[in-house]
Amino acid sequence: MAEIFYDADADLSLIQSKKVAIVGYGSQGHAHAQNLRDSGVDVVVALREGSKSAAKAQEDGFEVKNVADATQWADLIMILAPDQHQRAIYAESIRDNLTPGKTLAFAHGFNIRFGYIQPPAGVDVILVAPKAPGHTVRREYVAGRGIPDIIAVEQDASGQAWDVAKAYAKAIGGTRAGVIKTTFTEETETDLFGEQSVLCGGMSHLVEYGFETLVEAGYQPEIAYFEVLHELKLIVDLMWEGGIAKQRWSISDTAEYGDYVSGPRVISPDVKENMKGVLADIQSGAFAERFIADQDNGAVEFLALREKEAQHPIEATGKTLRALFAWKQQDSDYVEGSAAR
């Protein structure tokens, strides 16, 4: 059984006694900074010179420092820049200011797990990862609730790293909901696997294939869009609320029977074997190497794949259809404008 921590398990004064630098002011950055400040923590926002986020952070009442100055000032540095940029930011502006006794923190273990960042001895290395986009982390905190977090410690030089991780999680609202103990390796590998095989890669391609199958069979694209994409949110919401069991309880008997007899025809055992291959590439570092090499090369493959997927016919159908209905669904109702980490 997973070890879970709540408010009573965390001492907020531990993080309140530290100066905290939040590196990045995107999706997670703004939420961490604002929640920490509201919890009585001394926070500055650390940004590269010329960052477009500086004005927003200043409007929100934060002092903005360059990353080197903020790292020198801070006791705890939380790096919330995108994975592919963390290595350079660390080498240029953080590494030389990591004196013994400081804490280096992450919300995703990618750069530690795959060795792109190698912290010195004498500093604590922790992970505090809310399991939601930043706007949700902030909204739930303001509402007096919280988003579940997962926490880990890679390096405990002080002997207090776990306590600091729990205190940080409490300050951003995580212990209100529950905080699960994990490791950098487990967090990184399961997060990447979930994104690639189910949540993002698996789901998006399943939807595209379903749309193509219906349209190629002569059905209207608009009807196909509703049946394989629009209604997906309703199903996922039910699963989120009460697991697969609640989803099956809520749908018609016809749909439930179809789930049992047709689901395994589409998601057959060979899909699981393919998933094992995806996981193996993550565990070996092959995916990380491919991603970072492409980013270092100007993201040529990444941008080409993005453009290819953007041209799928379901995108044009959806854009047109969403504009026609009175409910005026907005993307901001469901997704964050920038990366979740």
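How many aromatic pairs does the structure hold? We will come to the rings after a walk along the sheet. What you see above is a predicted model, in which local features need pLDDT of at least 70 and side-chain atom pairs count only at pLDDT 80 or more, while totals for chains, interfaces and linings use all residues. Residues are numbered from 1 along each chain as its sequence is written, and side-chain values use heavy atoms, with hydrogens and water left out.

Let us start with the sheet. It is an open one, formed by 9 strands in the order S1-S9-S8-S7-S6-S5-S2-S3-S4, with mixed pairing. The names come from DSSP runs, numbered from the N terminus: helices are H or I runs of at least four residues, and strands are E runs of at least two. Two strands pair if DSSP finds at least two bridges between them. Strands of a sheet pair through backbone hydrogen bonds, either parallel or antiparallel. At the edges you will find S1 (4-5) and S4, each pairing on one side only.

Now look further inside that order. S2 and S5 run parallel and are joined by 4 bridges, with Met-78 in S5 as the bridge partner of Ile-22. Strand S5 (residues 76-79) also pairs with S6 in the parallel sense, over 4 bridges, and here Met-78 stands opposite Ala-105 in S6. To get from S5 to S6 the chain passes through helix H5 (residues 83-94), making a right-handed β-α-β crossover; right-handed means that, with the strands pointing away from the viewer, the path from the first strand over the helix to the second runs clockwise. S6 in turn pairs with strand S7 (residues 124-130), again in the parallel sense over 4 bridges, and Thr-103 stands opposite Asp-124 in S7.

S6 is a good place to look at side chains. In a regular strand the side chains alternate between the two faces of the sheet. In strand S6 (residues 103-106), Thr-103 and Ala-105 point one way, Leu-104 and Phe-106 point the other way, and all are buried. Here buried means under 20% relative accessible area and exposed over 50%, with partly exposed in between (1.4 Å probe, protein chains only).

Back to the opening question: there are 7 aromatic pairs. Rings of Phe, Tyr and Trp (its six-membered ring) pair if their centres lie within 6.5 Å; planes under 30 degrees apart count as stacked, over 60 as edge-to-face and the rest as tilted. One of the pairs is Tyr-25 with Phe-62, which is edge-to-face because the ring planes are at 65°, with the centres 5.9 Å apart. Tyr-25 sits in the loop between strand S2 (19-23) and helix H2 (27-38), and Phe-62 in the loop between helix H3 (53-59) and strand S4 (64-65), so this pair ties together parts 37 residues apart in sequence. Both Tyr-25 and Phe-62 are buried. Phe-287 and Phe-291, by contrast, are stacked, because their planes are at 5°, with centres 6.2 Å apart. These two both lie in helix H16 (residues 286-296), 4 residues apart, about one turn of the helix. Phe-287 is partly exposed, at 27% relative accessibility. Ring pairs also link Phe-287 and Phe-291 with Phe-110, Phe-114 and Tyr-116 into a cluster.

Which residues meet through charge? Side chains of opposite charge can pair when their charged atoms come close. The structure holds 16 salt bridges, each being a side-chain nitrogen of Lys or Arg within 4 Å of a carboxyl oxygen of Asp or Glu. Among them is the one between Arg-138 and Asp-38 (2.9 Å, N to O). Arg-138 lies in helix H7 (residues 134-142) and Asp-38 in helix H2, so the pair ties together parts 100 residues apart in sequence. Arg-138 is buried, with a relative accessible area of 16%, whereas Asp-38 is partly exposed at 43%.

Helix H16 returns in another salt bridge, where Glu-301 meets Arg-290 with the closest N and O atoms 2.4 Å apart. Glu-301 is in helix H17 and Arg-290 in helix H16, 11 residues apart. In the loop between H16 and helix H17 (300-310) lies Ala-299, which has a positive phi of about 60° although it is not a glycine. Most residues other than glycine have a negative phi. Ala-299 is buried, with a relative accessible area of 8%.
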